[in-house]
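Thank you for asking me to look this over before you begin working with it. My comments follow as numbered points, meant to be read beside the sequence and the structure.

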Amino acid sequence: MTGPVNLREVEQAARALLDRVRDDYFAGGAQDEVTVRGNESAFARLALLPRVLTGAGDPSPEVTVLGERVSMPVLLAPTAFHELAHPEGERATARAAAAAGTILISAMLSTVAIEDIAAEARKVSSEHEPPIWFQLYLQPDLGFTEAIVRRAEAAGCRALVVTADSPALGRHERNDRNDFHDLPPGMNCPNLREQAGEVRNVVLSPEISWRHLEWLRETTSLPILVKGVLHPDDARLAADHGADGVIVSNHGGRQLDTTPPSIRLLPRIADAVEGRVPVLLDGGVRRGTDVVKALALGARAVAIGRPVVWGLAYDGEAGVTKVLDLLRREIVNALALCGYADPAAVRRDLVEEVSWR
Ligand SMILES: Cc1cc2nc3c(=O)[nH]c(=O)nc-3n(C[C@H](O)[C@H](O)[C@H](O)COP(=O)(O)O)c2cc1C
Ligand SMILES: CCCCCCC(=O)C(=O)O
């Protein structure tokens, strides 16, 4: 294998290529970045306790998420502004996700229109429609929210992911230091056509509530997932309000700093929803063993954010493909070493708190 052999090496290679302002935007988090660091280090504080002589056979990492058969329990988390990482932006990401056979959660704040992202993904396979979900910041202007939902539906998106952890923007001191508050000239967000493509016209409002989710439930027949759930009661409320899934996420430590690492909250949330809806997780996933730990603790699948943009910055479509390929191989290897063939069969007793550190 030439080039990076794991996601950390892709990160290093990408970050060496990015200028300071873009690197800070992608890598950074809120305030002291306690949660950014915690998301990753929490995985290392969980140990794997493998079973032996299970005769499980060759692992297949395929899973089903909301009725979607995907090649592995890893989705691409929504991340904004891919043209900051590579000139092809979300076009390259969409092709890599489609080729890898997994779900791209396309950000509302993409630098390529959702129609063009979907068209790009379709170029990869004429046999089946590549699965794309659309991430939404619910806007107080429901007319605008409805218009963008209709665009996502018409583009063929198969689920909506409502980001619920953003009643305000987290305080990113790196961006303040770099005076980075807007996209560079020539870049915009074409999903915000009615808002002149301007990010500054997006409203992150503390008035958004469960009532808005109810409104969305009545407005669309697409499955809805609520992303950014950290409290078990909110996971229950999401299911009560008609959500079809929850994503345990602290936004990669970019919103409220000092929230717990998402993997720490996963078991409580899985217990709270009692199997009513699938639970997904993102934040700090960098290894196949991280994925297997999340499965054991109750996730149907995980999503990765920064590794995708780092893959994109490293080598465009090929870089994202590399990230997904590396992770897929690691998952197969981790499953085999743990004594499992089927990701859906992984049980909670595979994971233990580290007590020897
Ligand atoms: C550069 C960047 C941009 C992001 N943009 C969005 C976004 O537009 N909408 C959203 O819901 N989450 C966004 N996120 C959060 C991710 O969806 C995800 O929760 C987080 O990146 C997972 O952590 P990880 O980067 O450690 O994998 C963004 C994250 C990053 C790093
Ligand atoms: C005014 C909205 C800015 C959101 C930026 C995208 C995001 O969620 C992130 O960078 O994190």
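1. A residue is called buried here if 20 or more other C-beta atoms lie within 10 Å of its own, with C-beta atoms placed from the backbone. Please keep in mind throughout that this is a predicted model.

2. With that cut-off in hand, I would begin at strand E11 (residues 301-304), where Ala301 and Ala303 point one way while Val302 and Ile304 point the other way, and all of them are buried.

3. Strand E11 has strands paired with it in the parallel sense: strand E4 (residues 74-76) pairs with E11 over three bridges, and strand E10 (residues 279-282) likewise pairs with E11 over three bridges. On the E4 side, Val74 has Val302 as its bridge partner in E11, whereas on the E10 side the bridge partner of Asp282 in E11 is Ala303. Between E10 and E11 the chain passes through helix H11 (residues 288-296), and this β-α-β crossover is right-handed.

4. Val302 also appears in the largest nonpolar core, which has 104 residues and in which Val246, Ile269 and Val302 are those with the most contacts inside it. Helix H12 (residues 306-338) supplies the largest share of this core, namely 15 residues. Looking at Ile269 alone, and leaving aside its neighbours within four places in sequence, one finds contacts with Val229, Pro232, Ala235, Val246, Val248 and Val279.

5. Is Ala30, a loop residue, buried or exposed? Ala30 is found between helix H2 (20-27) and helix H3 (34-44), and it counts as buried because 24 other C-beta atoms lie within 10 Å, where the cut-off asks for 20 or more. Beyond its neighbours within four places in sequence, Ala30 is in contact with Gly170, Arg171 and His172, and also with Gly253, Arg254, Gln255, Leu256 and Asp257. By contrast, Leu49 is 19 residues from Ala30 along the chain, and the C-alpha atoms of these two residues are separated by 34 Å.

6. Turning to the ligands, 23 residues surround ligand 1, and the closest are Ala77, Thr163, Gly252, Gly305 and Arg306. By class, this shell around ligand 1 is made up of nine nonpolar, 10 polar and four charged residues.

7. Around ligand 2 the residues are Ala80, Leu109, Leu169, Val199, Val202, Leu204, His251 and Arg254, and they divide into six nonpolar, one polar and one charged. Arg254 deserves a second look, as this residue of the ligand 2 shell is also among the contacts of Ala30.

Key
Residues are numbered from 1 along each chain as its sequence is written. Chains are lettered from A and ligands numbered from 1 in the order in which they are written. This is a predicted model: local features need pLDDT of at least 70, side-chain atom pairs count only at pLDDT 80 or more; totals for chains, interfaces and linings use all residues. A residue is near a molecule or strand if its C-beta atom, placed from the backbone, lies within 6 Å of it. Ala, Val, Leu, Ile, Met, Phe, Trp, Tyr, Cys and Pro count as nonpolar, Asp, Glu, Lys and Arg as charged, and the others, Gly among them, as polar. A nonpolar core is a set of buried Ala, Val, Leu, Ile, Met, Phe, Trp, Tyr and Cys residues joined through C-beta atoms within 7 Å. A residue is buried if 20 or more other C-beta atoms lie within 10 Å of its own, exposed if 12 or fewer, and partly exposed in between; C-beta atoms are placed from the backbone. Helices (H or I, at least four residues) and strands (E, at least two) are DSSP runs, numbered from the N terminus. Two residues are in contact if their C-beta atoms, placed from the backbone, lie within 7 Å. Two strands pair if DSSP finds at least two bridges between them. A crossover is right-handed if, with the strands pointing away from the viewer, the path from the first strand over the helix to the second runs clockwise.
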